[in-house]
Amino acid sequence: MKARVHVMLKTGVLDPQGEAVRHALGAMGFDKVEGVRQGKVIDLELAEGTTEAEVAEMCEKLLANTVIERYEIELG
């Protein structure tokens with residue numbers, strides 16, 4: 001069983017990496033980019049029967065800093 005977790009900074013939290021990417025794209029001539037938010041994707045190989053609640057617990061305890069980040073889980 002596989003799970004994919006998308007972790008992004010919450011709205012309102014400054015994203016210096018995203019801003020650096022936006023600035024670099026502008027310097028390369030891509031001046032229509034108005035904003036960039038950078039995140040991470042975590043792919044998990046799980047034992048059959050693992051529940052979404054268990055994956056959420058993994059996110060809450062380790063994979064995401066829930067003070068400043070939000071996460072979305074895709075099971076497949």
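1. Read from one end of the sequence to the other, the chain follows the pattern β-α-β-α-β, and its secondary structure comes to 2 helices and 3 strands. The model is a predicted one, and the points below should be read with that in mind.

2. The strands form an open sheet of 3 strands in the order β2-β1-β3, with antiparallel pairing. Because β2 (39–45) and β3 (69–75) stand at the edges and each has a single partner strand, one side of each is left without a neighbour in the sheet. Neighbouring strands of this sheet are turned against each other by 20° on average, direction ignored. As general background, strands of a sheet pair through backbone hydrogen bonds, and they do so in either a parallel or an antiparallel manner.

3. Strand β1, residues 2–9, is joined to β3 by 7 bridges, and the two strands run antiparallel; within this pairing, R4 stands opposite E74 in β3. Another 7 bridges join β1 to β2, again in an antiparallel arrangement, and here H6 stands opposite V41 in β2. R4 and H6 both belong to the uncovered face of β1, together with K2 and M8, whereas A3, V5, V7 and L9 make up its covered face.

4. Helix α2, residues 52–63, packs on the sheet and touches β1, β2 and β3, with its direction making about 150° with that of β3.

5. The largest nonpolar core has 11 residues in all, namely A3, V5, V7, I42, L44, L46, V55, C59, L63, A64 and I73. The elements that give two or more residues to this core are β1, β2 and α2. In soluble globular proteins, nonpolar side chains tend to be buried together.

6. A3 offers a local view of this region, since A3 is a member of the core and lies on the covered face of β1. With its neighbours within four places in sequence left aside, A3 is in contact with I42, D43, L44, L46, V55, E74 and L75. Among these contacts, I42, L44, L46 and V55 are also listed in the core.

7. Which element pair does the loop holding G35 connect? G35 has its place in the loop between α1 (16–27) and β2, and it counts as exposed because its relative accessibility is 54%, where the cut-off for exposed is over 50%. From C-alpha to C-alpha, G35 and L25 are 10 Å apart in space, while they are 10 residues apart in sequence.

8. On overall dimensions, the chain has a radius of gyration of 16 Å, whereas a compact globule of 76 residues would have one near 11 Å. Along its principal axes, the C-alpha trace spans about 50 × 25 × 15 Å. Of the 76 residues of the chain, 21% count as buried, and the accessible surface comes to about 5,500 Å², of which 56% belongs to carbon and sulfur atoms.

9. Finally, on contacts along the chain, among those between residues at least 6 apart in sequence, 67% join residues at least 24 apart.

Note on methods: Residues are numbered from 1 along each chain as its sequence is written. This is a predicted model: local features need pLDDT of at least 70, side-chain atom pairs count only at pLDDT 80 or more; totals for chains, interfaces and linings use all residues. Side-chain values use heavy atoms; hydrogens and water are left out. Two strands pair if DSSP finds at least two bridges between them. Helices (H or I, at least four residues) and strands (E, at least two) are DSSP runs, numbered from the N terminus. Axes are lines fitted to C-alpha atoms, for helices over the stretch in contact, and angles run from 0 to 180 degrees between N-to-C directions. Contact means heavy atoms within 4.5 Å. A nonpolar core is a set of buried Ala, Val, Leu, Ile, Met, Phe, Trp, Tyr and Cys residues joined through side-chain atoms within 4.5 Å. Buried means under 20% relative accessible area, exposed over 50%, partly exposed in between (1.4 Å probe, protein chains only). The radius of gyration is taken over C-alpha atoms; the globule rule is 2.2 Å times the number of residues to the power 0.38. Accessible areas come from the Shrake-Rupley method with a 1.4 Å probe; for residues, only the protein chains shown count as cover.
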